[in-house]
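Q: Could we go through the empty spaces in this structure, and then one residue?
A: Certainly; here it is.

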Amino acid sequence: MNPTISVWILGDQLLEEHPALAHTAELTTRDQIQIVLVESAARTKKLPYQRKKIVLLFSAMRHYAERLREQGYAVDYVMARSAGAGLARHVKRVGSTQLVTMAAAEYSGRLFQQEKLADRLGIEVTVLPNTQFLVERFDPFAEHSTGKRTVMGNFYRQMRQHFDILIEGDGEPTGGKWNFDHENRKPYPKKGLETPAPITFEPDQLTRAVMEEVAENKAGLGTVEHFNLAVTHEDAQAAFADFVAQRLANFGAYEDAMSADNSILFHSVVSPYLNIGLLDPLQLVREVVAAYQRGDAPLNSVEGFVRQVIGWREYIYWHYWAQMPDLLGKNEWEHDRALPNFFWSGETEMNCLRCVINRVIDTGYSHHIERLMVLCNFCMLTGVDPAAVNAWFLEGYIDAYEWVVAPNVIGMGLNADGGKTATKPYVASANYINKMGDFCRGCRFDYKSRTGEDACPFNFLYWNFLIKHEAQLRANPRSGKAVLGLRHLDDEERERVCEQAAAFLKKLS
């Protein structure tokens, strides 16, 4: 009798074509393959995660297990105190002689697989390369040392060329330009926008059972109520098709716009599915390119989406692995303030923060500009400890995993990694928030006032940040233009700015 080979599929690796299954198919017959998925209590209790994220993850895992059973695989779905304990129980029960798995996307998980798992299980462990990310198949900066600064523009061009995305026969970019960012910065119109509501999915019996289990867990952010996300490959593909048909055409123009009443606008909201393997990045970009070729979407929208998926997403993942494990402790600006309590309640007079935080609590989602230019901007200007902000993002978002949150928050949003991920701090006054959205219309603070009782805190905090770090910012060519604005503040106004910022920060603490 042939020995039993176990295939461990991680909860965020629910790929339609999983490399571990292809690998084991070459070694033995299907009846000698045992697939194991583990719900780890320790992993879900690491932080008080968004409850809708846990529902999405566990429901998707259980649906995936059913899919594999329908394909004729033996599947052992284990609930255990930890992944290690669950795997040990599985191996002992089925008598596995070998375990095959795909490399985890997160540092600690991969370290566990590569250095600890074989000893823990007492059998041979094969860790296959991760195929969820394009940069694992092609690394544009493979020859660079991990400490060398890389620029996303060059990274993105090489990814486009290697995977032949929006490239003409002569190797030049479609439309003659590598990006159309200047066409993708339309603010939210004063008269508002008509936006198609994204497709939603009614929870089936399996999902409802998961919702009941998660609702009983006292630790967590938000509720399971109104959960309506895709939990299967078919539904995730339907969600993406809905985006292509209904919102892609206007996505590019309004991808940076913000609205108090609409958290999605024309965004795809497919990151929760991409990040757990229900969708494939290369397939998505090829489908939006096909939409452009059919004449169903303009080039600026298609290129903007492509840049988010094979540019930004892959670049962030590359930086995660280039900077780990040191990234999690980075704090270049030496910020040490505790995260304000209203990040867990949404109770603040600042309308932009109130709206964005509450939608994160309620739905686990806000789009990328709200994350960067509202949440991270505020935390940067107030000097919040990057580790605390990183933890909150991990807790709050349905698409949050360490590989994407750490470089995006610690690196890009808070510039705490010494400028390796982003070359300048992304800070802005209330003027930017008012320009790009309608939050300021419903706020008690005045976005025009720099100081005074009604002045928006973003204003005096922004100018206080520039004053405090003027020398350091002047040394950065990309920050110089912003610092030049300080010439409009005389000594008296500088003093007022600093005094009001100090009073606000003292109260915030």
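A: The turns below take up a pocket, a cavity and a buried arginine.

Q: What should I know about the model beforehand?
A: It is predicted, so to speak of local features requires pLDDT of at least 70, and side-chain atom pairs pLDDT 80 or more, while totals for chains, interfaces and linings use all residues. Residues are numbered from 1 along each chain as its sequence is written, and side-chain values use heavy atoms, without hydrogens and water.

Q: How much space lies in the second largest pocket?
A: About 770 Å³. A pocket is an open set of points on a 1 Å grid over the protein atoms alone, with protein on both sides within 12 Å along at least five of seven lines; lining residues have an atom within 4 Å of a point.

Q: Which residues are closest to its centre?
A: Of the 30 lining residues, these are W8, L10, S40, R43 and A83.

Q: Which element gives the largest share of that lining?
A: Helix α5, with six residues. Helices are DSSP runs of H or I with at least four residues, numbered from the N terminus.

Q: And the largest cavity, how much space is there?
A: About 70 Å³. A cavity is a set of points where a 1.4 Å probe fits but cannot get out. Its lining includes M350, C440 and Y447.

Q: New topic: where is R51?
A: R51 is in helix α3. R51 is buried (under 20% relative accessible area, 1.4 Å probe, protein chains only).

Q: What lies by its side chain?
A: A polar atom of the R51 side chain is 2.9 Å from the backbone oxygen of K218 and one is 2.6 Å from that of G222.

How values were computed:
Grid points are joined across faces, edges and corners, and a volume is the space filled by probe spheres set on the points. Helices (H or I, at least four residues) and strands (E, at least two) are DSSP runs, numbered from the N terminus. Buried means under 20% relative accessible area, exposed over 50%, partly exposed in between (1.4 Å probe, protein chains only). Lys and Arg count as positive and Asp and Glu as negative; His and the chain ends are not counted. A salt bridge is a side-chain nitrogen of Lys or Arg within 4 Å of a carboxyl oxygen of Asp or Glu. A polar contact is a pair of N or O atoms within 3.5 Å; within protein, one must be able to donate a hydrogen and the other to accept it, and residues adjacent in sequence count only if both atoms are side-chain atoms.
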